[in-house]
Amino acid sequence: NKKKTVLDIVKKYKDGIPISMVTAYDFTSSKMVDKAGMDMILVGDSLGMVINGESGTTSVTMEQMIYHCKSVMRGSKKSFVVGDMPFGSFETSTKDAVSNAIRLIKEGGVDAIKIEGGKKQFQNIKAICDTGILVVGHIGLTPQTSTSLGGFKLQGKTEQEALSLLEDAKCLQEAGCFAIVLEMVPHATALAITKSLSIPTIGIGAGNGTSGQVLVYHDLLGLYSDFVPKFCKQYATLSENIDQSLKNYKNEVESREFPSPIHSFSMKESELSPFLD
Ligand code: KIV
Ligand code: NA
């Protein structure tokens with residue numbers, strides 16, 4: 001029951017045991033994910049949507065990532081924690097990529113970083129890997145550049161697209177990434193890529209042929225009811241419990257049923273008398 005390292009992740013991969021990963025953005029959720037024994041926690045820039053209510057992830061800043069990484073680190077003891085490089089923090093130069101990756105490690109305190117992009121980001125990603133920082137790649141649907149993909153769409157769905165994705169994956173492996181997230185890719189494409197690599201793939205909407213899975217905390221727990229992505233299984237519908245609990249509280253406040261004596265503090269009436277004069 002020690003803190004997991006990259007060697008534990010690699011061993012699971014070599015042993016053919018799928019790697020489990022889920023996002024967390026704060027202390028309390030991090031503590032729960034860690035307690036469940038998750039292999040990895042992702043402080044995803046999906047926090048732009050899930051926490052900040054934006055329609056995408058492009059607005060997320062380094063300062064926000066560092067703030068959330070710190071909270072997650074305080075809640076996790078054993079899980080291996082990966083922090084996302086936000087849009088704009090690495091594309092401009094290898095110098096920016098390296099210095100922002102160092103900030104996430106140094107100030108955010110995470111164990112590794114994740115970065116979106118394939119062959120076009122090779123130089124930037126290699127430069128980060130060369131510093132000795134552990135890097136997870138991320139290809140397929142890349143939310144930060146989803147506008148150029150025409151939206152949140154399935155990737156690698158023709159032979160040509162699949163071959164291009166495979167090339168991206170090989171590039172990331174060569175750059176020195178220790179794992180690659182494959183997002184919204186058909187099962188067959190994800191399986192083929194997984195088979196041709198010697199590092200683990202972590203899928204989201206990529207079928208069960210990958211070396212591991214990642215889901216967004218709020219999605220898998222059903223913390224909202226308005227939208228559920230096709231690839232997400234809801235292991236609970238907690239938003240229903242929360243809705244009902246909040247209504248019950250409001251009603252009990254209005255009826256004075258809450259707080260009852262057990263939730264109140266009492267004192268002897270004699271101690272009160274001086275104030276009553
Ligand atoms: O930000 C995020 O949550 C992610 C996962 C969906 C892989 O990048
Ligand atoms: Na992300």
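I count a residue as near a molecule if its C-beta atom, placed from the backbone, lies within 6 Å of it. The model I am reading is a predicted one.

**Ligand 1**

With that cut-off I looked up the surroundings of ligand 1. I found Thr23, Leu42, Gly44, Asp45, Ser46, Asp84, Val181, Glu183, Ile204, Val214 and Val216 around ligand 1. Sorted by class, this shell holds five nonpolar, three polar and three charged residues.

**Overall layout**

I then noted the general inventory. The protein has eleven helices and eight strands. I read a box of roughly 85 × 40 × 35 Å for its C-alpha atoms, taken along the principal axes. Of the 277 residues, 40% are buried. Among contacts with a separation of 6 or more, 58% are between residues 24 or more positions apart.

How do the eight strands close, and in what order? They form a barrel in the order E1-E2-E3-E4-E5-E6-E7-E8, with parallel pairing. From one strand to the next I noted an average twist of 25°.

**Strand E6**

I went to E6 next, since Val181 and Glu183 are both in the shell of ligand 1. E6 covers residues 179–183, and five of its five residues are buried. Which residues point which way from E6? Ala179, Val181 and Glu183 point one way, Ile180 and Leu182 point the other way, and all are buried. As background, side chains in a regular strand alternate between the two faces of the sheet.

I checked the strand partners on either side. E5, residues 135–140, runs parallel to E6 and is joined to E6 by five bridges. The bridge partner of Ile139 in E6 is Leu182. Between E5 and E6 the chain passes through helix H7, residues 159–175, in a right-handed β-α-β crossover.

Towards E7, residues 201–204, I found four bridges from E6, and these two strands also run parallel. Val181 has Ile202 as its bridge partner in E7. The path from E6 to E7 goes through helix H8, residues 187–195, and this β-α-β crossover is right-handed.

**Strands E2 and E3, and the helices over E5**

I looked up one more strand pair. E2 (residues 40–43) and E3 (residues 80–84) run parallel and are joined by four bridges. Within this pair, Val43 has Gly83 in E3 as its bridge partner.

Next I took the helices that lie on E5. Helix H6, residues 122–130, lies across E4 (112–116) and E5, and runs at about 160° to E5. H7 packs on the sheet and touches E5 and E6; its direction makes about 170° with that of E5.

**Lys70**

I placed Lys70 in helix H4, residues 62–75. Is Lys70 buried, exposed or partly exposed? Lys70 counts as partly exposed because it has 16 C-beta neighbours inside 10 Å, and the buried class starts at 20 while the exposed class ends at 12. Leaving aside neighbours within four places in sequence, I found Lys70 in contact with Gly108 and Gly109. I also took the distance from Lys70 to Ser93: 26 Å in space, C-alpha to C-alpha, with their positions 23 residues apart in sequence.

**Backbone oddities**

I went through the backbone angles last. Which residues does a cis peptide bond join? The bond joins Phe258 and Pro259, with omega about -5°. Pro259 sits in the loop between helix H10 (238–254) and helix H11 (269–276).

Arg256 is in the loop between H10 and H11 as well. Its phi is near 60°, a positive value in a residue other than glycine. I list Arg256 as exposed because 8 other C-beta atoms lie within 10 Å.

Met184 also has a positive phi, about 50°, although it is not a glycine. I found Met184 in the loop between E6 and H8. Why do I list Met184 as buried? Met184 is buried because 24 other C-beta atoms lie within 10 Å, and 20 or more are needed.

Methods:
Residues numbered from 1 in each chain as written. Chains lettered and ligands numbered in written order. Predicted model: local features only at pLDDT ≥ 70, side-chain atom pairs only at ≥ 80, totals over all residues. Pairing = 2+ DSSP bridges. Right-handed = clockwise from strand over helix to strand, strands pointing away. Nonpolar A, V, L, I, M, F, W, Y, C, P; charged D, E, K, R; others polar. Axes fitted to C-alpha atoms, helices over the stretch in contact; angles between N-to-C directions. Contact = placed C-beta atoms within 7 Å.
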